[in-house]
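Me: I have a chain open and would like to talk through how its labels are earned. Could you take my questions one at a time?

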Amino acid sequence: MTDSGRRGSPGDKGLAADGTIRREASLSRLPATFTPVVEGARARIADAFDATQLHSACLYGSIPRGTAIPGVFGLDPLLAPRAEPTEADRATARSVEAALNDSSDLIDDGKAPRP
């Protein structure tokens, strides 16, 4: 296979030369319009999960890539728990997700058709 077709090769979109996931997102690319949404997500996640529960959280997708269209694209957080999440943890995550979706007209909760 050529480099462009082999999984983990430098030619693969989204992968670095060593096969790790290449970060496309950056706070420097975050449109100012979405800053309050991202700050709100950070605060809600930190309020819902403490450091003993959550290893890290990452925002991915069009918003941190700087390509989101207000009111069309969703907020895509990824939470990395320190242990297997309990049903209570999952319920908390769903509650945070619902609160984030309801917090701003700038993000779409996935129910509206995409262009």
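What follows is a short exchange on the terms used for this predicted model.

Me: Happy to start simple. What makes up the secondary structure of the chain, and which pattern does it follow along the sequence?

Reply: The chain has three helices and two strands, and reading along the sequence gives α-β-α-β-α.

Me: What makes H2 count as a helix?

Reply: H2 covers residues 62–65. A helix needs a DSSP run of at least four residues, so this run qualifies.

Me: How do you know how far to trust the coordinates, and which stretch calls for care?

Reply: The average pLDDT is 81, and 82% of the residues score at least 70. Among the elements, H1 has the highest mean, 93, and helix H2 the lowest, 86. Over residues 1–10, however, the pLDDT is below 50, although that stretch has 20 contacts in the model beyond near neighbours in sequence. Where pLDDT is low, the predicted coordinates should not be read in detail.

Me: Why is the largest nonpolar core called a core, and which residues touch the most other members?

Reply: The name applies because its members are buried nonpolar residues joined through side-chain atoms within 4.5 Å. There are 14 of them, and Leu30, Phe34, Ile45, Ile63, Leu75, Leu100 and Ile107 touch the most other members. Helix H1 (35–48) and helix H3 (87–103) each give two or more residues to this core, with H1 supplying the largest share, four residues. In soluble globular proteins, nonpolar side chains tend to be buried together.

Me: What does leucine 100 touch, leaving out residues up to four places away in sequence?

Reply: Leucine 100 touches Gly40, Ala41, Arg44, Leu75 and Ile107. Each is called a contact because heavy atoms come within 4.5 Å.

Me: How do you know that the length of H3 fits what is expected of a helix?

Reply: H3 has 17 residues, and the expected span is 1.5 Å times one less than that number. That gives 24 Å, and the model reaches 24 Å from first C-alpha to last, so the two agree closely.

Me: Which residues of H3 are buried, and why do we say they share a side?

Reply: Val96, Leu100 and Asn101 are buried, which means under 20% relative accessible area. They cover an arc of only 130° around the axis, so they lie on the same side of H3. These buried residues pack against H1.

Me: And what is on the face turned away from the buried side of H3?

Reply: That face carries Glu87, Ala88 and Asp102. They are called exposed because their relative accessible area is over 50%.

Key. Residues are numbered from 1 along each chain as its sequence is written. This is a predicted model: local features need pLDDT of at least 70, side-chain atom pairs count only at pLDDT 80 or more; totals for chains, interfaces and linings use all residues. Side-chain values use heavy atoms; hydrogens and water are left out. Buried means under 20% relative accessible area, exposed over 50%, partly exposed in between (1.4 Å probe, protein chains only). pLDDT is the predictor's confidence in each residue, from 0 to 100. The arc is that of the directions from the helix axis to the C-beta atoms.
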